[in-house]
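Open the model in your viewer and switch to a cartoon view. Then follow the stops below, one selection at a time.

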Amino acid sequence: MNPATTPPGRLVHDPATTHEFTMRLTSTPRGARLARRLVSHRLHEWGHPYDSTANETITLIAAELVANAVRHGHVPGRDFRLRLAASPAALRIDVTDTRTEKLPSRVLAPMPVEEESGRGLILVDTLATNWGISPRTAAPGKTVWASVDVVPFPS
């Protein structure tokens with residue numbers, strides 16, 4: 001899947017959005033760990049059980065995006081923002097940090113086997129239906145977002 005650019009918060013105004021969760025977290029490993037747990041917990045509450053493909057996929061994508069926000073988007077004294085939205089057809093995660101000059105690369109090259117890191121966005125690209133980067137409009141920074149189509153439960 002190729003990354004795309006979309007206006008930030010696209011699902012906020014989508015009338016099909018049934019659930020939304022937003023929280024500011026400290027830009028630390030502890031904040032990243034809490035973000036992963038909150039995503040999994042919210043999805044479970046919204047009808048995507050912990051062991052479901054949707055929950056596991058979005059939680060893994062969240063882990064990569066928040067790790068990048070903490071590692072590459074950290075500005076001392078600034079938090080990152082996590083947003084999770086659900087509609088009947090898709091789940092979307094947005095992670096906003098305050099660093100403008102460090103944008104993720106849209107060209108995802110395979111990493112050498114001996115490298116210990118650098119595969120996060122390759123994983124996001126593989127798991128997400130769509131993902132991209134949006135500039136932060138009200139302040140410096142960016143939002144990296146990913147969405148995953150979900151199969152509705154049979155009625």
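Select residues 142-149, which form strand 5. Strand 4 lies alongside, and six bridges join the two. They run antiparallel. Now pick Gly132 and look straight across. Which residue of strand 5 stands opposite Gly132? Trp145 does.

Keep in mind that this is a predicted model.

**The whole sheet**

Colour the strands next. Five of them make an open sheet, with antiparallel pairing. Trace the order across the sheet: 1-2-3-5-4. Which strands sit at the edges? Select 19-26 for strand 1 and 130-135 for strand 4. Each of these edge strands pairs on one side only. Turn the view to look along the sheet: from one strand to the next, the twist averages 15 degrees.

**A stop inside strand 3**

Select residues 90-97, which are strand 3, and find Val95 there. Is Val95 buried or exposed? Its relative accessibility is 3%, and buried means under 20%, so Val95 counts as buried.

Show what surrounds this side chain. Leaving aside residues up to four places away in sequence, Val95 touches Leu65, Val66 and Ala69. Val95 also touches Phe80, Arg81 and Leu82. Lys142, Thr143 and Val144 complete the list of its contacts. Now draw a distance from Val95 to Met23, C-alpha to C-alpha: it reads 10.0 Å. Along the chain, these two are 72 residues apart.

**Two helices**

Two packed helices are described by the angle between their axes and the distance between the axes. Select residues 29-45 for helix 1 and residues 53-71 for helix 2. They pack at an angle of about 160 degrees. Their axes are 9 Å apart. Angles over 145 degrees count as roughly antiparallel, and helix 1 and helix 2 are therefore roughly antiparallel to each other. The crossing is right-handed.

Show the side chains where they meet. On helix 1, pick residues including Pro29, Ala32, Val39 and Leu43. On helix 2, pick residues including Ala54, Ile58, Ala62 and Val66. Val66 is one you have seen before, as a contact of Val95.

**Zoom out**

Show the full chain. How many helices and strands does the protein have? There are three helices and five strands. Walk from the N terminus and the elements run β-α-α-β-β-α-β-β. Of the 155 residues, 43% count as buried. Finish with the surface: the protein exposes about 8,700 Å², and carbon and sulfur atoms supply 56% of that area.

Key:
Residues are numbered from 1 along each chain as its sequence is written. This is a predicted model: local features need pLDDT of at least 70, side-chain atom pairs count only at pLDDT 80 or more; totals for chains, interfaces and linings use all residues. Side-chain values use heavy atoms; hydrogens and water are left out. Helices (H or I, at least four residues) and strands (E, at least two) are DSSP runs, numbered from the N terminus. Buried means under 20% relative accessible area, exposed over 50%, partly exposed in between (1.4 Å probe, protein chains only). Accessible areas come from the Shrake-Rupley method with a 1.4 Å probe; for residues, only the protein chains shown count as cover. Two strands pair if DSSP finds at least two bridges between them. Axes are lines fitted to C-alpha atoms, for helices over the stretch in contact, and angles run from 0 to 180 degrees between N-to-C directions. Angles under 35 degrees count as roughly parallel, over 145 as roughly antiparallel, 65 to 115 as roughly perpendicular and the rest as oblique. A crossing is left-handed if the near helix is turned anticlockwise from the far one by less than a right angle, and right-handed if clockwise. Contact means heavy atoms within 4.5 Å.
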